[in-house]
Amino acid sequence: MSAGEATGEAAANTTASAAQKTELSKEHTFGTFPLLKSERVWSGWDFTWVNTALAIATWAFIVGGSTALLVGFQDGIAAMIIGNAIGLCFMVLASTVASQRYGSEQYTMLRGAFGVVGVGIIVFTVILLTEMGWSSLLAVMAGRATSQVIGTAASLELGQYGPVVTLGGLAAIALAWYILSRGPVTIGKFNKIIAPGLAVVTVVMMVFLVSNTSVSELFAAAPLAPFDDSTLNFMVAVEFNVGVGVSWYPVMGSLSRMTATRKAAVWPAYVGLFVATLIAQAVGLASALTLGDSDPTVWMVPFGGPIIGVAVLVFIAFANITSMSSIVYSTILAIRQSSGRLLAKVSWKAMTAAFFVVPAIMTFFPQFMYEQFMVFVSVSGAFLTSICGTALADYFILRKQRMDLRELHLGQRGTLYSYAGGVNWAGLAAVVVGTLFYLWLYNPISLETQPVFNLVTASLPAAILAAVVYLVLMKVLYRQRPMTPATHKPAAHAAADVTPATAKDS
Amino acid sequence: MSGPDSKRARHSTDSPRSSGFTTALVEEGVSPVVATELDRRLSIIEEDELQDTTAHAWSGRQLAGYVGVTVGLCLLGILLVIL
């Protein structure tokens, strides 16, 4: 080989190597790689701050305010404690345990329960719509904060649902998209500032609230729009808060895989979300009961004055933007994972931009978003609790907490988690049955309930029913199929000895 | 790549299971470099899981403790209503 040829080959190798490095780097940031132990760097405290930043977003104030429609302060706090405890209990167990253990993103871990295509169906329906709903709400809230700041600065009376709210919401979406397009490192940097800041802002708001009202007034305040039945009021409030606890499911597994140990994942997710949510919700509950409005964008300027009030609102608007970035990041990861090669060539920026189309449209209907908030949380909760029930039954009971990562990544080319057409109908049927059962026990649209709802609410029975239906159907539909990896050959499920899914299913 | 990870990866990606796994992924349309890296990572994680006792499955006792915390919080909420 001549010197020139050798130089040319070396240059080609260098170019190929650089291209490979870029490909690996992209896949590492936005793709499917499970994380190695050395890459799972979050301690328990790190993860607690991440959860605090998510939980003290302004949605928590609205949740508190919505709870005030049904119950007073003391019962409201009780409903929040019980509801969040139940919702977080099975949400955390269903999302963080397997993902942390294997360093893998949660939708990959769901392939056993739903199949490769089945996970796609779940992600492109329930998860996508849920996260679009939350993003829309955050954008509207950021828009309302912007509107209030502009109104104060320009001494103008701007409507709570006026065009400035829409413009502010659209600007918030544009900013969130910009942060997202910079990748997870930028999101993480913003969260490190936002989380402690939000904790301080929440305390400031509580101080303003208490100093402008009185504790006795707070405890004596009647709920804003209750039903005649006080037990029903309390149970609907509990159910609503269960829905809020479960609503973290779409993002929690993807986040928890970054933690170093199980302890650093499970308890910070549970306790971090529980405590932070409770504090922010209590502020929303108290302000709604005493001032008639839970949204700090309405009462912060009159109480805090033009300087502190506006500063807090600017911070709130920005916090909503970073919260939006965090949840959309996890959702887009899920979409990429579950779409297979279909969306592999679509750029990250294009996908995130496409996600924001619906939230951008919803900013033109800010009043609708606020008024339908409870319905949205409860309906999405109906689906998410059933998904959690199915996921728990799959991982803890059927698979005995043992998954084969290679098989999960092989999907339809493997043996353990491949199903005819890529869909595990047992999993999807369990979710449908659980959701229908929930809506029968408690219909958040018509507000009809069954008598048993006053005893056990709807989420927990729906999750349990989904789990039972899943286990029974798996027994019936796939009775000859192994459910756990063979212990005697932990490294032996190579693609070489696999057969097509249809041949194995009984 | 860190030293120990590098050694383990070389060792594990030589196995027949690894080559079968990588081939299957490449046939699926995954790029060879991504498939090889995925295989390397899975080998390391599998090995880690066997060695790390904190990464083992939850025991019944641990699960009971976890659910017990939730039951305790629910009782606290009920107590608040009663008082």
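## Core and interface of a two-chain model

The largest nonpolar core holds 180 residues. Those with the most contacts inside this core are Trp59(A), Phe114(A), Met205(A), Trp248(A), Tyr249(A), Met252(A) and Tyr270(A). Helix 4 of chain A, residues 73–102, supplies the largest share of the core, with 19 residues. Chain B takes part too: domain 1 (1–51) and domain 2 (58–83) of chain B each give at least three residues to this core. The model is a predicted one.

Tyr270(A) has contacts in both chains. Neighbours within four places in sequence are left aside here. In chain A, Tyr270(A) is in contact with Ala85(A), Leu88(A), Cys89(A) and Val92(A). In chain B, Tyr270(A) is in contact with Tyr66(B), Thr70(B) and Leu73(B).

**The interface**

How many residues does the contact take from chain A and from chain B? Chain A gives 49 residues and chain B gives 46 residues. The table lists the values for this pair of chains.

| Chain A with chain B | Value |
|---|---|
| Area buried between chain A and chain B | about 4300 Å² |
| Part of that area from carbon and sulfur atoms | 64% |
| Salt bridges between chain A and chain B | 4 salt bridges |
| Polar contact between chain A and chain B (both residues at pLDDT 80 or more) | 11 residue pairs |

On the side of chain A that touches chain B, the elements giving two or more residues are helix 1 (3–30), helix 4, helix 13 (262–291) and helix 19 (405–410). Helix 4 of chain A has the largest share of that side, 15 residues. Helix 4 of chain A also has the largest share of the nonpolar core. A salt bridge joins the side chains of Arg406(A) and Asp39(B), at 2.5 Å from N to O.

**Buried sites in chain A**

Why is helix 3 of chain A (residues 59–67) described as largely enclosed by the rest of the structure? Because 9 of its 9 residues are buried. The run of buried residues in helix 3 of chain A begins with Trp59(A), Ala60(A) and Phe61(A). Ile62(A), Val63(A) and Gly64(A) are buried as well. So are Gly65(A), Ser66(A) and Thr67(A). Trp59(A) is also among the residues with the most contacts inside the nonpolar core.

Thr130(A) sits in helix 7 of chain A, residues 116–153. Is Thr130(A) buried or exposed? Thr130(A) has a relative accessible area of 3%, so Thr130(A) counts as buried, the cut-off being under 20%. Not counting residues up to four places away in sequence, Thr130(A) touches Phe376(A), Ser380(A) and Leu384(A).

Notes:
Residues numbered from 1 in each chain as written. Chains lettered and ligands numbered in written order. Predicted model: local features only at pLDDT ≥ 70, side-chain atom pairs only at ≥ 80, totals over all residues. Heavy atoms only, no water. Core = buried A, V, L, I, M, F, W, Y, C linked by side-chain atoms within 4.5 Å. Buried < 20%, exposed > 50% of the residue type's maximum accessible area, 1.4 Å probe, protein only. Helix = DSSP H or I, 4+ residues; strand = E, 2+ residues; numbered from the N terminus. Domains from an automatic or database assignment. Contact = heavy atoms within 4.5 Å. Buried area = accessible area lost by both parts, 1.4 Å probe. Polar contact = N/O pair within 3.5 Å; in protein donor to acceptor, adjacent residues only side chain to side chain.
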